[in-house]
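Reader: I have a model open and want to learn how to read it. Where do we start?

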Amino acid sequence: MPILPKSRKRPWIPEKPEHLREVDNSSFYNSKRWRSLRNYFIQKNPLCNICKRKGITEGAQMVDHIKPISKFGMGVATDIKNLQSLCNKCHAKKSGQEGSEFRKGIKDYKRKKN
């Protein structure tokens, strides 16, 4: 079987940044503390909060932070009062809306120091 040559660096193509987020929370979301809290919370609240308010019974797949931890610091990361169960559709809609509001300057989240 032939071996393909390694690709060469092309100087006209700009290098991509390591991550595109302002704050990298991947270490928190991959921690045992978050996974166990998420599993506990989704067992206690198995239905999507937004769909439930509309009268629709939809199972939750995500545990969402009401106040984003990237803007409010890690103090709100494991607070049960700051969590809600959401289905994939509602989570995508909420996250997209928060991002567009922040970019447009409608909501200005003050970032707390960790």
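Author: With salt bridges. A salt bridge here is a side-chain nitrogen of Lys or Arg within 4 Å of a carboxyl oxygen of Asp or Glu. Side chains of opposite charge can pair when their charged atoms come close. Keep in mind that this is a predicted model.

Reader: How many salt bridges does that rule give?

Author: Two. One joins the side chains of Lys94 and Glu98, with 2.7 Å from N to O. The other joins Lys94 to Asp64, where the closest N and O atoms are 2.8 Å apart.

Reader: What does the bridge between Lys94 and Asp64 tie together?

Author: Look at where each partner sits. Lys94 is in helix H5, residues 88-104, and Asp64 is in strand E1, residues 62-65. The pair therefore ties together parts that are 30 residues apart in sequence.

Reader: And how are Lys94 and Glu98 placed in helix H5?

Author: They are four residues apart in that helix, so about one helical turn separates them. Put the two bridges together, and Asp64, Lys94 and Glu98 are linked in a network.

Reader: Are Lys94 and Asp64 buried or exposed?

Author: The cut-off to use is this: buried means under 20% relative accessible area. Lys94 has 14%, so Lys94 counts as buried. Asp64 has 6% and is buried. Glu98 is buried as well.

Reader: Which residues does Gln84 contact, beyond its neighbours within four places in sequence?

Author: Two members of the salt-bridge network are on the list: Asp64 and Lys94. The others are Phe41, Asn49, Arg53, Met62, Val63 and Ile66. Gln84 lies in strand E2, residues 83-86. Its relative accessible area is 8%, so Gln84 is buried.

Reader: Now the rings. How many aromatic pairs does the structure hold?

Author: Three. Take Phe28 and Trp34 as one case. Their ring centres are 5.5 Å apart and their planes meet at 45°, so the pair is tilted. Tyr29 and Trp34 also pair, at 5.5 Å centre to centre. Their planes are at 85°, and planes over 60 degrees apart count as edge-to-face.

Reader: Which residues form the aromatic cluster?

Author: Phe28, Tyr29 and Trp34 form one cluster. Check accessibility again. Trp34 is buried at 5%. Phe28 is buried at 10%. Tyr29 has 34% relative accessibility, so Tyr29 counts as partly exposed.

Methods
Residues are numbered from 1 along each chain as its sequence is written. This is a predicted model: local features need pLDDT of at least 70, side-chain atom pairs count only at pLDDT 80 or more; totals for chains, interfaces and linings use all residues. Side-chain values use heavy atoms; hydrogens and water are left out. Helices (H or I, at least four residues) and strands (E, at least two) are DSSP runs, numbered from the N terminus. Buried means under 20% relative accessible area, exposed over 50%, partly exposed in between (1.4 Å probe, protein chains only). Contact means heavy atoms within 4.5 Å. Rings of Phe, Tyr and Trp (its six-membered ring) pair if their centres lie within 6.5 Å; planes under 30 degrees apart count as stacked, over 60 as edge-to-face and the rest as tilted.
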